[in-house]
Amino acid sequence: SQSGTQTAALYFCGAEPSKSDKTESWNGTAWTELAETNEVKTKVAGFGTQTLAMVAGGLVPPQTANAEQWDGSSWTEVGNLNTERSNLAGAGFTNAYGMVFGGDAPPDPQDTVELWNGSSWTEIADLATARKNLSGAGAGVAALCIGGENPGGNLANTEEWTNPSVTKTLTVS
């Protein structure tokens, strides 16, 4: 999976046909190998930046609910997802707030959406269409679930998530 921008990216874990614990950083010109994740896996969800990233779920095998945070130099295990799954997607600009959605928890694709608040995962509203092998984009408070597949075949639809408004009270003294 990956996080970051065109000139400051982070790539972690493996892609089919193999799994990996590798983490590499891209500076716009070259790749640099960094500290490994704590778990060797593939088909994970990721979100964040080159220095503040999150990896969640994946295939060890079997599917896992494990999640890890990247602080720019090392991975730390954090609270597990509520649902073990692989082939899921993520969205978020930092390891302190983001979401993962969809995925594969055989025998069926998932519609589950989980929100990370910096310390724990909470299941929130489900996707309209269960899917695996999908893509995600956005900030976590406003995200897109793109494509994927389910038993009906490949999906071309996109779903949009907008976090409900949060009311805060400001006290000035």
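**Tryptophan pairs and antiparallel sheets in an all-strand chain**

W70 has a relative accessibility of 0%, so W70 counts as buried. The model here is a predicted one, and that applies to everything that follows. W75 is buried as well, since its relative accessible area of 7% falls under the 20% cut-off for that class. A search through the whole structure turns up three aromatic pairs. One of them joins W70 and W75: the ring centres sit 5.2 Å apart and the planes meet at 45°, so the pair is classed as tilted. W116 and W121 make a tilted pair too, because their planes are at 45°, with the ring centres 5.1 Å apart. As for cover, W116 is at 0% relative accessibility and thus counts as buried, while W121 is buried with a relative accessible area of 7%.

Stepping back to the chain as a whole, the secondary structure tally is easy to remember: zero helices and 19 strands. Of its 173 residues, 43% count as buried. The accessible surface comes to about 8,600 Å², with 51% of that belonging to carbon and sulfur atoms. On the contact side, take the pairs of residues at least 6 apart in sequence: 43% of those contacts join residues at least 24 apart.

Now for the strands. In general, side chains along a regular strand alternate between the two faces of the sheet. Strand β3, covering residues 23-26, shows such an alternation: T23 and S25 point to one face and are buried, whereas E24 and W26 point to the other face and are not buried. The partner of β3 is strand β4 (residues 31-33); the two run antiparallel and are joined by three bridges. Within that pairing, S25 stands opposite T32 of β4. Together β3 and β4 make a hairpin, with four residues in between. The turn of that hairpin includes G28, whose phi is positive at about 100°.

Further along comes an open sheet of four strands, ordered β9-β10-β13-β14, with antiparallel pairing. Its edges are β9 (89-94) and β14 (121-124), each of which pairs on one side only. Leaving direction aside, neighbouring strands in this sheet are turned against each other by 20° on average. At the β9 end, four bridges link β9 to β10 (residues 97-101), and the two run antiparallel. A91 and M99 face each other across this pairing, with M99 sitting in β10. At the other end of the strand order, W121 from the tilted pair with W116 falls within the stretch assigned to β14 (121-124).

A second open sheet, this one of three strands, has the order β15-β16-β19 and is again paired antiparallel. The edge positions go to β15 (135-138) and β19 (158-162); each has a single partner strand, so one side of each is left without a neighbour in the sheet. The average turn between neighbouring strands here is 20°, direction ignored. Five bridges tie β16 (residues 142-146) to β19, and these two run antiparallel. One residue pair to look up in this stretch is A142, whose bridge partner in β19 is T162.

Two loop residues round out the picture. R85 sits in the loop between β8 (75-78) and β9. Is R85 buried or exposed? Its relative accessible area is 0%, so R85 is buried. A polar atom of the R85 side chain lies 3.3 Å from the backbone oxygen of T83. Setting aside residues up to four places away in sequence, R85 touches a list of residues that includes G57, G58, Q63 and T64, along with V100, F101, D104, Q110 and E114. Of these, V100 is within the residue range of β10 (97-101).

G152 offers the opposite case. It belongs to the loop between β17 (149-150) and β18 (153-154). With a relative accessible area of 77%, G152 is exposed, because that value is over the 50% needed for the label. Measuring from C-alpha to C-alpha, G152 and R131 are 9.9 Å apart in space, with their positions 21 residues apart in sequence numbering.

Definitions and conventions
Residues numbered from 1 in each chain as written. Predicted model: local features only at pLDDT ≥ 70, side-chain atom pairs only at ≥ 80, totals over all residues. Heavy atoms only, no water. Buried < 20%, exposed > 50% of the residue type's maximum accessible area, 1.4 Å probe, protein only. Pairing = 2+ DSSP bridges. Axes fitted to C-alpha atoms, helices over the stretch in contact; angles between N-to-C directions. Contact = heavy atoms within 4.5 Å. Areas by Shrake-Rupley, 256 points an atom, 1.4 Å probe, with all protein chains shown as cover. Phe/Tyr/Trp six-rings, centres within 6.5 Å; stacked < 30°, edge-to-face > 60°. Polar contact = N/O pair within 3.5 Å; in protein donor to acceptor, adjacent residues only side chain to side chain.
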